[in-house]
Amino acid sequence: MSLRFIAKDPNTDGANCPTVWVDEEKQEIVLQGWTVDKATRAECLKTGPIPDSETVVRLPMRMVAAIREACDAADGSTVQ
């Protein structure tokens, strides 16, 4: 697996913070974020189950540009 680093949360110290990568081989976005609390998880479960192989994380809105960049990289788009 070859992950392409996109960005870390710009408003953190660079350690233990939300991060975005792209797995270029699988054309997938990989996200590291904060674990959601029980109330948020309960809200998410209203739309369906969360399998044991999946999770829900939070990313701050300030990461939108990094997520867009990751989306462009994942789909091979040259538009950024």
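Where is M61 found? The legend to Figure 1 gives the answer, and the views that follow treat the remaining sites of this predicted model.

**Figure 1. Close-up of M61 in the predicted model.** M61 lies in the loop between β5 and α2. With a relative accessible area of 69%, M61 is exposed, because the exposed class begins over 50%. In space, the C-alpha atoms of M61 and N11 are 11 Å apart, and 50 residues separate the two in sequence.

**Figure 2. Overall view of the protein chain.** Two helices and five strands are present in the protein chain. Along the sequence these elements follow the pattern β-β-β-β-α-β-α. Taken along the principal axes, the box filled by the C-alpha atoms is roughly 35 × 30 × 25 Å. The protein chain has 80 residues, of which 24% count as buried. Its accessible surface comes to about 5700 Å², and carbon and sulfur atoms account for 51% of that surface. Among contacts with a separation of 6 or more, 42% are made by residues 24 or more positions apart. The chain carries 9 positive and 13 negative charges, and the mean positions of these two sets are 7 Å apart.

**Figure 3. The largest nonpolar core, made up of nine residues.** The members are I6, A7, V20, V22, M63, A66, A70, A73 and A74. At least two residues of this core come from each of β1 (3–8), β2 (19–23) and α2 (64–75). Helix α2 provides the largest share, namely four residues. In soluble globular proteins, nonpolar side chains tend to be buried together.

**Figure 4. Surroundings of the core residue M63.** Which residues is M63 in contact with, leaving aside its neighbours within four places in sequence? The contacts are with A7, K8, D9, P10, P18, T19 and V20. Two of these partners, A7 and V20, belong to the largest nonpolar core together with M63. A further partner of M63 is D9, a residue that also takes part in the salt bridge of Figure 5.

**Figure 5. The salt bridge between D9 and R62.** The closest N and O atoms of D9 and R62 are 2.5 Å apart. This pair links distant parts of the chain, with D9 in the loop between β1 and β2 and R62 in the loop between β5 (57–58) and α2, 53 residues apart. D9 has a relative accessible area of 3% and is therefore buried, since the buried class lies under 20%. R62, at 39% relative accessibility, counts as partly exposed. The loop between β5 and α2 also holds M61, the residue shown in Figure 1.

**Figure 6. The salt bridge between E24 and R4.** Here the closest N and O atoms are 3.5 Å apart. The pair again links distant parts of the chain: E24 is in the loop between β2 and β3, R4 is in strand β1, and their positions lie 20 residues apart in sequence. Both residues count as partly exposed, E24 at 36% relative accessibility and R4 with a relative accessible area of 30%.

**Figure 7. The salt bridge between E43 and K46.** The side chains of E43 and K46 meet at 2.7 Å, N to O. E43 is partly exposed, with a relative accessible area of 48%, whereas K46, at 64% relative accessibility, counts as exposed. The count of salt bridges comes to three. Side chains of opposite charge can pair when their charged atoms come close.

**Figure 8. E25 and Q27 in the loop between β2 and β3.** E25 has its place in the loop between β2 and β3 (28–32). Is E25 buried or exposed? E25 is exposed, because its relative accessible area is 64% and the exposed class begins over 50%. The C-alpha atoms of E25 and A74 are 9.1 Å apart in space, while the two residues are 49 apart in sequence. A74 is one of the residues of the largest nonpolar core. Q27 is placed in the loop between β2 and β3 as well. Although Q27 is not a glycine, it has a positive phi of about 55°. At 40% relative accessibility, Q27 counts as partly exposed.

Conventions. Residues are numbered from 1 along each chain as its sequence is written. This is a predicted model: local features need pLDDT of at least 70, side-chain atom pairs count only at pLDDT 80 or more; totals for chains, interfaces and linings use all residues. Side-chain values use heavy atoms; hydrogens and water are left out. A nonpolar core is a set of buried Ala, Val, Leu, Ile, Met, Phe, Trp, Tyr and Cys residues joined through side-chain atoms within 4.5 Å. Buried means under 20% relative accessible area, exposed over 50%, partly exposed in between (1.4 Å probe, protein chains only). Contact means heavy atoms within 4.5 Å. Accessible areas come from the Shrake-Rupley method with a 1.4 Å probe; for residues, only the protein chains shown count as cover. Lys and Arg count as positive and Asp and Glu as negative; His and the chain ends are not counted. The place of a charge is taken as NZ of Lys, CZ of Arg, CG of Asp or CD of Glu. A salt bridge is a side-chain nitrogen of Lys or Arg within 4 Å of a carboxyl oxygen of Asp or Glu.
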